[in-house]
Every structure is written in C-alpha cells, then in structure tokens.
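The following exercises are to be worked with the sequence and the predicted model in view. Each task is followed by a solution in steps.

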Amino acid sequence: MENRILRFGGDIGLADRSVDRSLERRRRTYAAEVRKLIDASFERVRDTGRLEPTVGEIVRAAGLSNKAFYRHFRSKDELLLAVLDDGIRQLSSHLRLRMTAAVSPVGQVRAWLGGMLDQALNPEAAAATRPFARSRSRLAELFPDHVRDSERQLTELLRDAIAAACECGELEAVDAERDAATVYQMAMGWVERSLAQTTPPDRDAAQHLTEFCLRGLVRNSQLRN
C-alpha cells in the first residue's frame, strides 16, 4: 500500500508539471498576442495622429484575429488604456535614466522636467505623444483609477528627487508628494497645450517653465519654515 501511494504521488507530480508547462506555453502565447496588439495600436495612432483606429485596423496590423483581440480586451478603449500605460512606463524608464546622470537631487528635478517637456519639444516624441495628450482626459474619465496609477510612476520619480533634495539640504522641508503632483500638472499642461498648437513649441518657454518650477520649490520651502 505504501509503495502504491508513493508511486501515485509521483504520478500526480508529473501531471502537475505537465499542466504547468501547458499553462506557461499558453501564457507566453497570450503575452505575445497582447504585445502585438499594443505595438500595432501604437503604430497606428502614431502614424495617423488620431486615437481612434478601428479594431479591424489593429488586428490586421498585428496579424491577429478579432477573437484574439477580445480574448484580451473588452473594448478598444481598454486596449488604448494599455497602450497609454505602456507609453508611460517607457517614459518613466527614460526619465529615470536621465535623472541617474544628474549630480544632485535638484539636478534630478531639472532632468525630470527636461524629459517631460521634451515630449513636446522632440518631433519624434511629439508625434507619438500628441494623440494621447489630446485624449488623456477622456481615458481618465473612463478609467480614472488606472490612469492615476499609471501617472503615479512619473510623479513618484519626481517626489523622490524632491525628498532627496530636502534630505541633503538643497531644499528645506517641503511636502514632496503635493509639490511633485503640482509640478507634474504644470509640466503636463504645458506639454498638452504645446501639442495642440500648429506651431512648434517654444524652447525658451520650456526653459522658463523649468526655472519657474525650481524657483517655486525653493520659495515654497522657505515659506514653510
């Protein structure tokens, strides 16, 4: 009886491993499908300059089917939310890389601002960002929690830099969380307005905004002490 129990237990272990392998293969297949849909959507949005590609356009560009689309997303808006989140993650990585090269926390704040404003100043980045900037409020209305969580990836980078500046004495004690949110809203507002214009954005205006934000953080820290 004991030997049979041991053999039976071994058989169950092999079965579990077979199931795990099957599930892992399916997971990889599904992950690849989602990646194709996101990339295809981004390319359509960037190339057309509008946030309204049809599901048919997306699946054709991805080389997939409607069935594959609806296996992963309940609507086109849900897919576009995933595209926005993917873009914010890439922007977050880009900002982190720029900030790493700065020699001080205040330098990191400046690098963060430069990277954010570059989304309008850099023609290639602007072409990719413009459709999402124009429709950000609609996606935020449809998916407020998801958009807020995605954007938190950007504000947390800035918050940590402001907090580090306080710790090393570059700034007096401030409310890093609220200040980061305020600076983010100013930077994003400038980017959105710049992308909505038909004329190229003003680099001098971008530099003025950067200096204004930095002066505001210094003044804000002085007023609180």
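**Exercise 1. Disulfides.** Determine how many disulfides the structure holds, and examine Cys166 and Cys168.

*Solution.* Step 1: the count of disulfides is 0. Step 2: Cys166 takes part in none, and the cysteine sulfur nearest to that of Cys166 belongs to Cys168, 8.4 Å away. Step 3: a disulfide requires two cysteine sulfur atoms within 2.5 Å. Step 4: seen from Cys168, the closest cysteine sulfur is that of Cys166, and at 8.4 Å the two are too far apart for a bond. Step 5: Cys168 has a relative accessibility of 47% and therefore counts as partly exposed.

**Exercise 2. Overall composition.** State which secondary structure elements the protein chain contains, and what share of its residues is buried.

*Solution.* Step 1: the protein chain has 9 helices and 0 strands. Step 2: read from the N terminus, the order of elements is α-α-α-α-α-α-α-α-α. Step 3: the protein chain has 225 residues, of which 38% count as buried. Step 4: consider the contacts between residues at least 6 apart in sequence; 70% of these join residues at least 24 apart.

**Exercise 3. Helix H6 and its partners.** Describe how H6 packs against H7 and against H8.

*Solution.* Step 1: helix H6 covers residues 123-142 and helix H7 residues 144-167; their axes lie 5 Å apart at an angle of about 120°. Step 2: H6 and H7 are therefore oblique to each other. Step 3: on the H6 side the contact involves Arg136, Leu139, Ala140, Glu141 and Leu142, which meet Pro144, Val147 and Glu151 of H7. Step 4: sorted by character, the residues of this contact are 5 nonpolar, no polar and 3 charged.

Step 5: for H6 and H8, the angle is about 110° and the axes are 9 Å apart. Step 6: H6 is therefore roughly perpendicular to H8. Step 7: H6 contributes Ala126, Thr129, Arg130, Ala133, Arg134 and Arg136, while H8 contributes Tyr184, Gln185, Met188, Glu192 and Leu195. Step 8: the residues of the contact of H6 with H8 comprise 5 nonpolar, 2 polar and 4 charged.

**Exercise 4. The nonpolar core.** Identify the residues with the most contacts inside the largest nonpolar core, and the elements that give two or more residues to this core.

*Solution.* Step 1: the largest nonpolar core comprises 56 residues, and Trp112, Met116 and Ile162 have the most contacts inside it. Step 2: the elements giving two or more residues to this core are H1 (2-48), H2 (55-62), H4 (76-100), H5 (105-121), H6, H7, H8 (176-196) and H9 (203-223). Step 3: with neighbours within four places in sequence set aside, Ile162 is in contact with Val109, Leu171, Val174, Ala176, Asp179, Ala180 and Leu217.

**Exercise 5. Two residues and their surroundings.** Locate Glu167 and Pro201, and decide whether each is buried, partly exposed or exposed.

*Solution.* Step 1: Glu167 belongs to helix H7. Step 2: its relative accessibility is 72%, so Glu167 counts as exposed. Step 3: Glu167 and Pro105 are separated by 62 residues in sequence and by 9.4 Å in space, C-alpha to C-alpha.

Step 4: Pro201 lies in the loop between H8 and H9. Step 5: with a relative accessible area of 24%, Pro201 is partly exposed. Step 6: Pro201 and Leu121 are 80 residues apart in sequence, yet their C-alpha atoms are 6.1 Å apart. Step 7: residues up to four places away in sequence not being counted, Pro201 touches Ala120, Leu121, Trp190 and Ser194.

How values were computed
Residues are numbered from 1 along each chain as its sequence is written. This is a predicted model: local features need pLDDT of at least 70, side-chain atom pairs count only at pLDDT 80 or more; totals for chains, interfaces and linings use all residues. Side-chain values use heavy atoms; hydrogens and water are left out. Axes are lines fitted to C-alpha atoms, for helices over the stretch in contact, and angles run from 0 to 180 degrees between N-to-C directions. Helices (H or I, at least four residues) and strands (E, at least two) are DSSP runs, numbered from the N terminus. Angles under 35 degrees count as roughly parallel, over 145 as roughly antiparallel, 65 to 115 as roughly perpendicular and the rest as oblique. Contact means heavy atoms within 4.5 Å. Ala, Val, Leu, Ile, Met, Phe, Trp, Tyr, Cys and Pro count as nonpolar, Asp, Glu, Lys and Arg as charged, and the others, Gly among them, as polar. A nonpolar core is a set of buried Ala, Val, Leu, Ile, Met, Phe, Trp, Tyr and Cys residues joined through side-chain atoms within 4.5 Å. Buried means under 20% relative accessible area, exposed over 50%, partly exposed in between (1.4 Å probe, protein chains only).
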